[in-house]
Amino acid sequence: MKRFITGNHAVAEAVRLCRAQFVAAYPITPQTPIYEKLSDWESAGELGGVMMRTESEHSAMAACLSASLTGVRTFTATSSQGLALMHEMLHMAAGLRVPVVMAIVNRTLAIPWAFWSDQTDSLSQRDTGWMQVYCEDNQESLDSIIQAYRIAESILLPCMVVLEANFISHFMEPVEVPTREEVDAFVPSVAIPRRFDMENPGYVAAVVNQAQYRDFRRLTQEAMEAGLNVIEDVDRRFREHFGRGYGLMDSVQIEDADLVLVTTATITSTARLVIARLRQKGHRVGLLKIRIFRPFPVLQLRSVLERVPRIAVIDRNISLGREGIFCSELKAALANSSQRHMIQGYLAGIGGTDVTPDVIEKIVLHALEMDKATDGPIWIS
Amino acid sequence: MDKLAETMLQQPRPPEIMRSGHLACPGCGIALGMRMVLRAIGPRVIVVVVPSCVAVTSGPFPHAALGVPAFHSAFEIAAPTAAGISSALKLQGIHDIPVLAFAGDGGTFDIGLQSLSGAAARDDDLIYVCMDNEAYMNTGIQVSSSTPRFAWTGTSPRGNPRRKKQIMEIMAAHRIPYAATASMGFPDDLTMKTKRAAAIRGTRFIHVLSPCPTGWKIPEHLSPKVAVAAVETNIFPLYEIVDGVHYTITHESKNLPVQAYLSLQGRYKHLTDREVAEIQEETDRIWSDLQARAAKERV
Amino acid sequence: MHETPRYLDPETIIPIARGSTEAFKTGTWSNRRPVHMQKVSPCWTGCPAGNSIPRALLMASQGDLDGALSVFLEESPLPGVCGSVCYHPCEASCNRGSWDGAVNIRAVERAASQFGHAKPEVLTTKGSDQPVAVVGSGPAGLSAAYHLARLGHPVTIYEANEELGGLLRWGIPEFRLNPEVLDRDLGRLSSLDVNVKTGITVDAQGLDELKATYKAVFLAIGASASKRLDVEGANLRGVLSGLEFLTAVRTRSHGNLSGKVLVIGGGNVALDASLSAVRLGAREVFVACLEQREQMPASPEEYEFAMQEGVVFHHGWSPTRIVDEGGRLQTDFIKCVAVCDEHGCFNPTCDESIIMKLETDWIIQAIGQQADLRMFSGSGIVPTVMPGPVQTDPSDMETLVAKVFAGGDVVSGPGSVVQAIADGKRAAVAMHFRLLGKEFPEAQRRVILGAGPGFSIDALFRGRKGWDPASVVKFEDLEPLFLDRRERGSAAVLDPSLRKRGFEEIVRSLDSVTAASEAARCFFCGTCSACDRCYLFCPEICISGGREGGTAAYAANPEYCKGCSVCSAVCPRGVMSMGEGL
């Protein structure tokens, strides 16, 4: 049934519906409403799981990954500084092959101090081995949590569902909240491998040598690569079951486009309007929303953009010393493209600044006109 | 002297949990302490270890020195790791497998103190055993906040100017149900405390002094003797704290002068008479304070 | 059938070590290895009879007085007697004496004999066709008979008196050696092939007959002829001889002694006589001797008892004459300034200018005993050149007469009970090997305790693995940090006011519980008590054996032992030592 709720609330609903057994968390703006909502239900006996109110995010992830290792379904959420603090633990979780699901509410990283939306916090974790899903709106946030449990527990890799501060976290939208029965039918009951066996005791994460490390890494990479199929499969079944789906990415009017604008998250929904408007004005432009960032869908991306001569990428993030991260990843994915592409990166919305339709239009028109792309990003405000 | 023998001879030997072939230094106090704690708790336990000499001792893949399910987690998170496993077991309907975390002094007094404090504040259900060899020994010999005053380490080469952190007071301040000191020179006392801890719930903390031949500059065979001397000189008294306020001294020491302990160790060989006197004074003060607290109990 | 892809198999996608570190043979790290080698203790080597004191006390400490008694019986037939009257050189050398008081070993031995039940063990039957005779049933004779019988020999004891015991029965008062204790010890002989012929005095001719009848003879008639003072008046009426006096008291053939009694002498016979006089009604009893208190050969404990009962001591006096003063006896003394000369030989120096006179009703001379060998003149036992005690070959105790051996006071002059027991044991083994045609000293060498001369007959005939009797564990070898303090336990002593009423024993036996508790004070130096400390403190968990290993011998698994020596350092008894070699 449709309810008018914030993105944070939607995430919390999904966590409860998926019967998460163990939630360890630490408050940080703008994640706190998720934490509070779950606490509320827990104290009323409505959560169905236990919460551990940790003294830091680092400890929250430590507890989640060890609980997941033991074989229970876990959840945590954080942002910005908290996510940065968790960094060590993120590597551990992926290396440990535990299906922890985490919601990240994108927030700027200090210094400077600010509390608005920016994707650098979650993107900084791209090398940790976590799957990453970037959501466009409240509905997708809720649905991605549900999908995430099924994906993570199939492939035994942790998964973060990323939603932007303010625009998703605190904005209210009509959200279809599924019933318990619907979710139970979709997310299987907990069958996470129990890595502690009294009958056959083993010492988990014993120190390995160089070659052993390499081999374990390679297995994890194989899992990541196989993860793409799992993600697609789960999304397809989700669509069959719930009537909505999102795919690895979403393309709008790309087939004949001279230029494709590549966006993620909430900027996408604004961009949909702009692309439609520009088409009306006669520009042959298209839109590509990147949803799944890790594992990065190289083949699918290349196949969609194969024949597109111009590509403009909007990043609400920056890897200092280079450019926007989605742009870099896209360029790398197209390196082996059979065709040459002119790819221009744009930075918009850094620090949580508003990315209005006009800003997007300015970007598209600029990209259509330019003779040569710059290596570095262009800052648009 | 044969109180120990009487206790042991009256009971059959419990099964050993630790295995031979581990890679600890010869005469390692930690290896011995771990062995004693594990045989006291028995085979039905899940163990958490973190980077420290404990982890090195536990064995490289695919060999394990621990004969029970175990997990090697990160340096500063022994406590929340154990807490996570403990919660998960209960969620799975398993209520009779304790979770025991071993950490070194670095992982307890320094980098792990925050997460330990968090677990203790929540009274998470775990047994936390600090194997204290009074410095970062796994990485060479570097000073920690557990290193006693005046002791030599590689990063306090003229003697440590700081005092040893009073970890028991810190744990007591959290009002956890049980905290105790133990020494591998007194296996019956250590066994009693481990079993006592295992019989209750909540955050239980055992501080085990673990002499280190390599870092303390003592001959390999001397760990038990040094562990005994530490207790008999009141430098490391054996006591329990229940609920953070009820103190019980579990061994009436011989009140030997601190020299009987310090003179055994190369890390103290540079001490001046004045420094020894200061150590004696500080030891006397803490011991006397401890006795006063314990005396209040008996009234 | 779907096979799990390799990147999804929980067993192999993360490192889970299911193997054991036992694959690492850390024994290669060092070539030092512990050696579980039992040793001896100062009490053990200090006991002339060679009693395995720590082994006996270990049993006793565990409440096993039967076992403790068995251990004593391995080396001596008279644990009850020694437990009452021995001068306990063991306690003088007890390592615990350097800590908080020697263990009351003698009292534990007494309790073992009192409460324990055990039979002497036969060590071999090889002597079965070699019957032997033993002349004299004091401690030397009894010990020889006992051990010879254990070595298979049919033994016949010839005793001049009507009952066995020699000085044990006739020379030591009942208040010092309870006759029941002696009889209990003697009772254990009945399980051995020992025949007894009492009321037979063997003289030179008798000795010839014995030589013809038996394969060997052991002469142990003791030294029970009292020396008499060589002063005027030594034969006056009322001047008694110490040992004869004591014997008469034992046979109840001595009447009361009223009035004042003077005992001359500083040995146990003198003190025994003084205490007996008290019990026979003497109003005042004096003891005068050459020696100062510390120099007296008498036992310090008995000195205390005598003081408690009002006996008055005069030290450093030499009697010069005895005179009858109107029915009473007056003894004149001059001051004895030194008992021994600069060579340590008995050669008293006196100052005639200092005199003392004591007037008493009775005088008991107790200035020493010697062997009475008159009956053997012509037998060849007594050397013709210089009359004196029986001479024997020190290596095997044989006299000048072939196949006649001798030991105890008859050879050494008055000595201790335990030394006589030692002599008897040594003679038994010497005789046994002689009769079998073997060399005794060779065999004995490997079972000598410490520097000797004590040895273990049990180890000699039954072997004893993992034991080095040449190594003595001294107090310096122990670790004081591991030792607790507990005061020495004492046996109950009869109140002095109650003693005079009769000849009741002054020192009671410990009860079995207190005996076990006192025995537990023993450090068991050099004897493995299976305390499991080496096992428990091994960081490599590689020590096997001990009480659950089926054998007492602990051993380190060479595959894992890193040679750290912790086991050796924590062994409170010096049994685990370190050695070399893989």
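## Close-up views of chain C and its neighbours

**View 1. Ser20(C) meets chain B in a strand pairing.** In β2(C), Ser20(C) is the bridge partner of Ala64(B). Welcome to this predicted model, where we begin at a strand pair shared by two chains. The partner of β2(C) is strand β2 of chain B, residues 63-64. These two strands run in the parallel sense, and two bridges join them.

**View 2. The wider contact between chains C and B.** Stepping back from the strand pair, we find 39 residues of chain C in contact with 35 residues of chain B. Which elements of chain C each supply at least two residues of this side? They are β2 (19-20), α20 (533-537) and α21 (566-570). Of these, α21(C) gives the most, with four residues. Sorted by class, the side of chain C that touches chain B holds 21 nonpolar, 10 polar and eight charged residues.

**View 3. Ala17(C) meets chain A in another strand pairing.** Here Ala17(C), in β1(C), is the bridge partner of Tyr203(A). The strands involved are β9 of chain A, residues 203-204, and β1 of chain C, residues 16-17. They pair in the antiparallel sense over two bridges, whereas the pairing of β2(C) with chain B is parallel.

**View 4. The wider contact between chains C and A.** How many residues of chain C take part in the contact with chain A? The count is 11, and they touch 18 residues of chain A. On the side of chain C that touches chain A, nine residues are nonpolar and two are charged, with no polar residue among them.

**View 5. The domains of chain C.** Take a moment to trace the domain assignment along the chain. Domain 1 of chain C is made of two segments, 22-38 and 528-580. Domain 2 joins 49-118 with 475-516, and domain 3 joins 126-223 with 371-438. Domain 4 is given as 226-370. Between the centres of domain 1 and domain 3 of chain C, taken over C-alpha atoms, the separation is 47 Å.

**View 6. Chain C as the setting for these views.** To place the close-ups, it helps to see the whole chain. Chain C has 582 residues, and 54% of them are buried. Its secondary structure comprises 21 helices and 23 strands. Along the principal axes, the C-alpha atoms of chain C fill a box of roughly 130 × 55 × 45 Å. Among contacts in chain C with a separation of 6 or more, 72% link residues 24 or more positions apart.

Notes
Residues numbered from 1 in each chain as written. Chains lettered and ligands numbered in written order. Predicted model: local features only at pLDDT ≥ 70, side-chain atom pairs only at ≥ 80, totals over all residues. Contact = placed C-beta atoms within 7 Å. Nonpolar A, V, L, I, M, F, W, Y, C, P; charged D, E, K, R; others polar. Pairing = 2+ DSSP bridges. Domains from an automatic or database assignment. Buried ≥ 20, exposed ≤ 12 C-beta atoms within 10 Å, placed from the backbone.
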